[in-house]
Amino acid sequence: MKILIIDDEERIREMIKEYLSQEEFDVNEASNGLDGLELIKQNDYSLIILDVMMPKMDGWSTCREIRKISKVPIIMLSARGEEYDKLFGFELGVDDYIVKPFSPKELLARMNAIIRRSSLTQENKSLENKFKAEGLVVEFDSRNVYVDENLISLTPKEYELLNFFVQNTNMVFSREQLLTSVWGYDFMGDFRTVDTHIKMLRDSLKSYRKFIKTVWGTGYKFETGEKK
């Protein structure tokens with residue numbers, strides 16, 4: 001499994017590479033966003049580890065460019081741990097956000113959760129490969145989502161949350177259950193992450209935001225009144 005590290009700190013790259021190599025990952029490195037983008041165009045990566053503060057092209061700009069050409073999972077690294085920075089990263093399409101300093105063991109756990117979740121999504125596709133309710137259509141193969149025949153843009157996490165909901169229609173999930181099922185681990189107990197992504201997803205679905213019901217005192221459920 002091939003991993004790309006994009007970070008201008010050689011010490012960080014070497015630490016991650018040494019640890020991941022012991023876990024039998026094939027690791028490539030880039031010291032800036034421009035070089036990282038060239039490697040992404042030339043290789044098929046299972047996951048990208050991307051630093052925020054870098055010369056030539058910072059992590060935010062690099063993430064935007066990656067998302068134009070690939071849906072590969074991205075873990076963002078940053079010394080900034082403010083909620084605003086994390087939410088900004090999720091809006092750009094990162095799959096996870098780790099604050100420096102961090103342990104290689106934590107990084108590996110989060111990587112495995114993302115990779116495992118991505119694999120299960122592919123394995124568990126329905127035979128129909130499409131969900132439709134009124135004017136909302138989700139195509140599992142292409143990960144395209146349409147609202148009244150208009151293709152809408154979702155972040156990877158918004159799509160995964162919607163995909164989980166449509167695969168589990170009418171079931172009620174607590175915020176903790178959604179963190180475990182969609183994020184793949186206990187996201188430091190930060191349930192606001194769920195609420196923020198629910199709000200983002202509702203905004204993206206426009207009139208079909210009505211399908212995502214708030215169950216007061218419990219969590220959320222996806223209910224359309226139609227069968228999948």
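Angles from 65 to 115 degrees between two directions count as roughly perpendicular, and that cut-off serves the opening stop of this tour through a predicted model.

Begin by selecting helix α7, residues 175–183, together with helix α8, residues 192–205, whose axes lie 9 Å apart and which pack at an angle of about 75 degrees; α7 and α8 are therefore roughly perpendicular to each other. To see where the two helices meet, show the side chains of Arg 175, Leu 178, Leu 179 and Trp 183 on α7, and then those of Thr 193, Val 194, Asp 195 and His 197 on α8. Sorted by class, this contact between α7 and α8 draws on four nonpolar residues, two polar residues and two charged residues.

Next, select the strands of the open sheet, which are three in number, follow the order β10-β12-β11 and pair in the antiparallel sense. At the edges you will find β10 (172–174) and β11 (212–215), each of which pairs on one side only, while the twist from one strand to the next averages 30 degrees.

Zoom in on the pairing of β10 with β12, residues 219–222, where three bridges join the two strands in the antiparallel sense; pick Ser 174, and its bridge partner in β12 is Gly 219.

Finally, bring in the helices that accompany the sheet. Helix α6, residues 156–167, lies across β10, β11 and β12 and runs at about 70 degrees to β12. Returning to α8, you can see this helix packing on the sheet, where α8 touches β11 and β12 and its direction makes about 145 degrees with that of β11.

Notes
Residues numbered from 1 in each chain as written. Predicted model: local features only at pLDDT ≥ 70, side-chain atom pairs only at ≥ 80, totals over all residues. Heavy atoms only, no water. Axes fitted to C-alpha atoms, helices over the stretch in contact; angles between N-to-C directions. Helix = DSSP H or I, 4+ residues; strand = E, 2+ residues; numbered from the N terminus. Parallel < 35°, antiparallel > 145°, perpendicular 65-115°, else oblique. Contact = heavy atoms within 4.5 Å. Nonpolar A, V, L, I, M, F, W, Y, C, P; charged D, E, K, R; others polar. Pairing = 2+ DSSP bridges.
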